[in-house]
Amino acid sequence: MLAQPARGVLGPAGGTGTAAGSGEAALEENPFYGKYRHKIQELRRWALREAAANAAGGLGSKTSKGGFTKDKTLDSILNVEMVKEKSAEEITQIWNQYFSAKDTVYAVIPADKFDLMWKRAQKCPSFLYALPRKEGYEFFVGQWSGTELHFTSLINVQTQGETAPSQLVLYHYPDLQEEKGIVLMTAEMDSKFLVVHDAQCLANQVQLFYGTDRSDTYGLVETFNHRSSEFKYMSVIAELEQSGLGKELGSGQASDKS
């Protein structure tokens, strides 16, 4: 049995379902509502531009300017050839111990879970995430670029437009997926905008929406990517609160650095 993902990065993907319109009246009173309601399409346009930039080789150069490591490989962190002699459990322990003293997010993901997430990411490379804040929720877009998942906030898009850099990158390493049945993950973030708790929250949501067995939950991702006119961002908040992630992560929010 593999060790559980470290620091709660990848939480349970289950939870009870919810209707898309649940709690809409209350959510409209959220102080972030008016600010973001008319910006969802702009956020999607940013994600599409990121995808186009990646196809043209532009995303890597953009991220490196923001202080992120360009073309970060597993070999730059771990001696891959050496650990191939070890079991999945031993590699998991090494990975967790190495990052436990670092101010970052990390996890060991079962191969079958990552395979599901990866297949869905190919069909639906972007999604809108809600980060709990003291006053309500702040919205982030996540855009897959290869096995990297880049995030930027809606405020970032508003102020910088198509040049908005990533504020968080999740690096997934499938190097050992076939042989050991695990995928290693770690992250880099812009500490001017996010703290580790924020990154944990966003990483949890990746499994909630991309790794779920519930068709209704993943259906939100499909709608965002393929039927954007039908997408209601309030459904994301409702899903978070029904799953328990919204309340749990919101109560642990130490500060709002946006």
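A hairpin takes the chain from β2 to β3 through 2 residues, and that is a handy place to start reading this predicted model. The two strands run antiparallel and are joined by 8 bridges. One of the residue pairs across them is alanine 130 with phenylalanine 139, the latter lying in β3. From β3 the chain goes into another hairpin, again with 2 residues between the strands, and this one leads to β4. In the turn sits glycine 146, with a positive phi of about 65°. Here 6 bridges hold β3 against strand β4 (residues 148-153), and the pairing is antiparallel. Glycine 142, for instance, has phenylalanine 151 of β4 as its bridge partner.

Zooming out, these strands belong to an open sheet of 6 strands with antiparallel pairing, in the order β1-β6-β5-β4-β3-β2. The edges are taken by β1 (106-110) and β2; each has a single partner strand, so one side of each has no neighbour in the sheet. From one strand to the next, the twist averages 25°. At the β1 edge, the partner is strand β6 (residues 182-189), with 5 bridges in the antiparallel sense. Proline 110 faces isoleucine 182 of β6 across this pairing. Over by the other edge, helix α12 (residues 233-243) packs on the sheet, where it touches β2 and β3 (136-145). The direction of α12 makes about 60° with that of β2. As for β3, 10 of its 10 residues are buried, so this strand is largely enclosed by the rest of the structure.

The sheet is just part of the picture, since the chain has 13 helices and 6 strands. Of its 258 residues, 53% count as buried. The accessible surface comes to about 11,500 Å², and carbon and sulfur atoms account for 49% of that. Contacts also reach a long way along the sequence: among those between residues at least 6 apart, 70% join residues at least 24 apart.

Aromatic rings supply some nice examples of such links. The count comes to 14 aromatic pairs. In one of them, phenylalanine 127 and phenylalanine 209 are tilted, with 4.9 Å from centre to centre and 50° between the planes. This pair ties strand β2 (residues 126-133), home of phenylalanine 127, to helix α10 (residues 196-210), home of phenylalanine 209, across 82 residues of sequence. Phenylalanine 127 has 0% relative accessibility and therefore counts as buried. Phenylalanine 209 is also at 0%, so it counts as buried too. Phenylalanine 127 has another ring partner in phenylalanine 224: the centres are 5.9 Å apart and the planes at 80°, so this pair is edge-to-face. Here β2 is linked to helix α11 (residues 215-226), with the two phenylalanines 97 residues apart. Like phenylalanine 127, phenylalanine 224 is buried. Ring pairs in fact gather Phe127, Tyr129, Phe151, Phe209, Phe224 and Phe231 into a cluster. Phe151 in that cluster is the β4 residue that partners glycine 142.

Two other rings have a charge for company. The charged end of lysine 102 sits over the ring of tyrosine 98, at 4.8 Å from the ring centre. Arginine 120 does likewise with tyrosine 218, its charged end lying over that ring at 4.2 Å from the centre.

How values were computed. Residues numbered from 1 in each chain as written. Predicted model: local features only at pLDDT ≥ 70, side-chain atom pairs only at ≥ 80, totals over all residues. Heavy atoms only, no water. Helix = DSSP H or I, 4+ residues; strand = E, 2+ residues; numbered from the N terminus. Buried < 20%, exposed > 50% of the residue type's maximum accessible area, 1.4 Å probe, protein only. Contact = heavy atoms within 4.5 Å. Areas by Shrake-Rupley, 256 points an atom, 1.4 Å probe, with all protein chains shown as cover. Phe/Tyr/Trp six-rings, centres within 6.5 Å; stacked < 30°, edge-to-face > 60°. Lys NZ or Arg CZ within 6 Å of the ring centre and 35° of its normal. Pairing = 2+ DSSP bridges. Axes fitted to C-alpha atoms, helices over the stretch in contact; angles between N-to-C directions.
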